[in-house]
Structures are given as structure tokens and as C-alpha cells.
Amino acid sequence: MLTVDNIRANLCAKYKALPIVVYDTIDSTNTQAKLSSIDQGIFVAKHQTAGRGRQGKSFYSPDSTGLYMSVVLPITPMEAYEFTLTAAAAVAAARAIENVCNISVQIKWVNDLYLHGKKVAGILTEADIDRVIVGIGINISTESFPADIPLAGSLDAENISKSKLAASFAENLFDITSSKSREFMSEYRSRSMLLGKEISFEKDGNAFTANALRIEDNGELTVLSNGIELTLHSGEVQIIL
Ligand code: BTN
């Protein structure tokens with residue numbers, strides 16, 4: 001059962017006293033985290049009525065078949081940027097899914113998690129004045145998705161503890177960010193599903209195809225397009241199958 005007590009029980013001693021909220025139904029855990037005044041803590045929902053994704057998209061959040069949560073981190077937006085927090089969050093999520101579900105997922109730059117070619121989790125990082133909110137939605141057992149998200153998929157994990165998964169994601173994220181070590185970037189690269197692949201993307205209104213060459217220490221993606229190296233800072237890329 002997804003409860004405050006079960007999440008707390010699965011956190012290590014140094015994080016056990018942090019504020020944790022679990023909602024049956026809420027608009028968006030990121031919105032609630034932003035409305036709160038805590039500088040570190042965990043907001044979890046069984047169902048979201050207005051889950052938000054990147055680029056103004058919505059995030060499909062049906063009841064009880066996914067984990068929808070937001071982690072408030074006591075770091076400034078500038079620290080988050082310099083640390084490439086988006087990449088850190090993707091690694092924290094991949095580790096949590098591996099630990100709790102025994103499933104190895106890949107990271108699609110910047111921070112989507114994929115399994116068997118389908119997006120099974122997405123991350124939305126939002127900055128506040130002196131804190132940062134990392135929201136994640138993980139499709140655990142959702143069987144069908146709206147027609148407008150054909151690439152969405154699910155872990156199809158049975159009998160997993162959502163409380164353990166929530167605790168593991170938060171703990172991995174707290175550990176990575178508080179360590180200040182950027183060793184996680186090598187794991188980010190080794191879990192990448194883009195490197196070495198042909199991709200397509202848009203830049204400055206133009207369509208490109210390219211080979212994904214490397215992910216830089218600052219999280220940028222370097223690609224080779226028509227013999228020229230280009231650097232992508234953010235945005236969506238597609239793998240050409
Ligand atoms: C994306 O794939 O574009 C990011 C999706 C992020 C969804 C999560 S679910 C929990 C948290 N609350 C939200 O409203 N969004 C994030």
C-alpha cells in the first residue's frame with residue numbers, strides 16, 4: 001500500500017524525518033509541492049487530475065496504475081543547472097526501478113525513461129526561488145494510453161511496492177545531489193538509448209538528421225549532422241528506426 005508510513009519505513013535514517021504527503025487524488029504533485037513552503041520533502045499521489053509534463057503537455061496519470069511524485073530539493077536553480085540535475089534525476093529513477101522492480105530501463109536524452117522502445121517514465125523539473133522540484137511519473141501497470149501518446153508504455157511490473165519505489169527514487173536523488181559528485185554522468189551515458197544512433201530533431205525551425213555522438217559533462221548532446229558537429233542543449237529528439 002502506498003502510504004506515508006510505508007514510504008518512511010523504506011527511507012534510510014537520515015531522511016526519515018522529512019515531510020511526506022500522500023494524496024489519493026490531487027491535481028498535480030508538482031503544483032502542491034510548489035504551493036508548500038518546505039525546502040525538502042516528498043509529495044506522492046495515487047491519481048492526478050491535472051498531471052503536467054514538459055513543454056506544456058499533460059501527463060496521463062490514471063488511478064493506482066502509476067507512481068506520481070515530486071521531490072523538493074534544498075538547492076537553488078543555479079546549483080541545479082550547474083549540477084545537470086535533470087540527468088541526475090534520470091539516473092536516480094533508473095536506479096530505483098532497477099532496485100525495486102528488477103527492470104533495467106534506458107534513458108532517452110534528456111530525462112525520459114524507456115523500456116522496449118516505449119516511454120515508461122517522464123521527469124519534470126521546476127525551479128523555485130531557492131529550491132527545486134523534481135516530479136516523476138512512472139507507468140507501472142497502466143494497460144492502455146490515450147491515442148495521442150502512442151509511444152507511452154508501462155513497466156508491466158506486478159506486485160511491486162509503490163512505497164518502496166517512491167522511497168528509493170527520493171533517496172537516490174537526495175544522495176546524488178548531496179554528494180556533489182558528478183560520477184553519475186558515467187551511468188547516465190551507459191544507460192543512454194541515443195548514443196551511436198541515427199536521430200532526427202528540429203533546431204532553429206530546421207529539421208535535421210544526425211548521429212548521436214556523445215553526452216558532454218554539462219549534459220549537452222553532441223551530434224554529427226552532414227559532417228558538422230552540432231550541440232543540442234535541450235529539446236526533443238527522435239530515434240530513426
Ligand atoms: C514529461 O514526461 O513530460 C514529464 C512528466 C512528469 C510527470 C510527473 S507526475 C508527478 C509530477 N506532477 C506533475 O504534474 N508532473 C510530474
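Asn102 comes right after helix H4 and has a positive phi, near 60°. The model is predicted. This briefing covers helix H4, the ligand site, the cysteines and Thr222.

**Helix H4**
- H4 spans residues 85-101, a run of 17 residues.
- From first C-alpha to last, H4 reaches 23 Å. That is close to the 24 Å expected at 1.5 Å a residue.
- The helix is mostly covered, with 12 of its 17 residues buried.
- Several alanines are among the buried residues of H4, including Ala87, Ala88, Ala89, Ala90, Ala92, Ala93, Ala94 and Ala96.
- Leu85, Val91, Ile97 and Cys101 also belong to the buried set.
- An α-helix has 3.6 residues a turn, so residues three or four places apart point the same way.

**Ligand site**
- The ligand has 20 residues around it. Ser28, Gln48, Arg52, Arg54 and Lys119 come nearest.
- Ser28 uses its side chain: an N or O atom there is 2.7 Å from an oxygen atom of the ligand.
- Arg54 uses its backbone: a polar atom there lies 2.7 Å from a ligand oxygen.
- Asn30 also approaches through its backbone, where an N or O atom is 3.4 Å from a nitrogen atom of the ligand.
- Taken alone, the ligand exposes 410 Å², and the protein buries 97% of that.

**Cysteines**
- How many disulfides does the structure hold? The count is zero.
- Why does Cys12 form no such bond? The closest cysteine sulfur, in Cys101, is 19 Å from the sulfur of Cys12, which is too far for a bond.
- The view from Cys101 matches: its closest cysteine sulfur is in Cys12, at 19 Å, again too far. A disulfide counts here only with the two sulfur atoms within 2.5 Å.
- Is Cys101 buried or exposed? Cys101 counts as buried because its relative accessibility is 12%, under the 20% cut-off.
- Cys12 has 26% relative accessibility, so Cys12 counts as partly exposed.

**Thr222**
- Thr222 sits in strand E10, which covers residues 221-225.
- Thr222 counts as buried because its relative accessibility is 2%.
- The side chains of Thr222 and Glu216 are joined by a polar contact of 2.5 Å.
- Leaving aside neighbours within four places in sequence, Thr222 touches one stretch that includes Asn211, Ala212, Leu213 and Arg214, along with Glu216.
- Further contacts of Thr222 are Glu229, Leu230 and Thr231.

Key:
Residues are numbered from 1 along each chain as its sequence is written. This is a predicted model: local features need pLDDT of at least 70, side-chain atom pairs count only at pLDDT 80 or more; totals for chains, interfaces and linings use all residues. Side-chain values use heavy atoms; hydrogens and water are left out. Helices (H or I, at least four residues) and strands (E, at least two) are DSSP runs, numbered from the N terminus. Buried means under 20% relative accessible area, exposed over 50%, partly exposed in between (1.4 Å probe, protein chains only). A polar contact is a pair of N or O atoms within 3.5 Å; within protein, one must be able to donate a hydrogen and the other to accept it, and residues adjacent in sequence count only if both atoms are side-chain atoms. Contact means heavy atoms within 4.5 Å. The expected span of a helix is 1.5 Å times one less than its number of residues. A residue is near a molecule or strand if one of its heavy atoms lies within 4 Å of it. Accessible areas come from the Shrake-Rupley method with a 1.4 Å probe; for residues, only the protein chains shown count as cover.
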